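Grab the model and work through these short exercises on rings and pockets. Try each task before you read its solution.

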Amino acid sequence: MRRMAVPGEGLAKGLAVTLKTMTRRSTTQQFPDVPPELPPRSRGVIALLEENCTVCMLCARECPDWCIYIDSHKEEVVVPGAARARQRNVLDKFDIDFSLCMYCGICIEVCPFDALHWTPEFEYAEYDLKDLLHEKGRLGAWMETVPPPPAHDPNGEPSKEEATVAKQAGA
């Protein structure tokens, strides 16, 4: 059995919704004066811990936008007692172009030495597009805003390192 439509029923429902929302208090936050409460895993800008970077180039190779630019040179390190000098890569340039970056996080996930980190900072807008190219000095300055990692779950499995230390202490 089909119900007969009452003329103006849709209009009355729409006005009821409008009246209901008009009587509620607004929850607008005044952004510049009151900073927003961001979720703990929010993605802002990418920070670089330069000491951990071994110039393996994984981040630049895996970046789908090709917005990471890295230059390096090899340096010889003389080890006493070694037959020959060793070589190590030295980071000369590490730039991220945030005008191209799509914040996918692949570079952070593939970094084997934890040199790249997410920061919750999102206020880095610029008037000129060229200023969105952040160099290693500026990326390193963001490191002080990186939150500490979450605590381990006491009921969860221990990490490989903790299990190895516990095994060696028990042996």
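**Exercise 1.** Work out which residues the ring pairs link into a cluster.

*Solution.* Start with the rule: rings of Phe, Tyr and Trp (its six-membered ring) pair if their centres lie within 6.5 Å. Now follow the pairs, and you get a cluster of F98, Y103, W118, Y124 and W142. Searching the whole structure turns up five aromatic pairs. Take F98 and Y103: their centres are 6.0 Å apart with 15 degrees between the planes, so the pair is stacked (planes under 30 degrees apart; over 60 is edge-to-face, the rest tilted).

This is a predicted model, where local features need pLDDT of at least 70, side-chain atom pairs count only at pLDDT 80 or more, and totals for chains, interfaces and linings use all residues. Residues are numbered from 1 along each chain as its sequence is written, and side-chain values use heavy atoms, with hydrogens and water left out.

**Exercise 2.** Sort F98 and Y103 into buried, partly exposed or exposed.

*Solution.* The cut-offs are under 20% relative accessible area for buried, over 50% for exposed, and in between for partly exposed (1.4 Å probe, protein chains only). F98 is buried because its relative accessible area is 5%. Y103 comes out at 25%, so Y103 is partly exposed.
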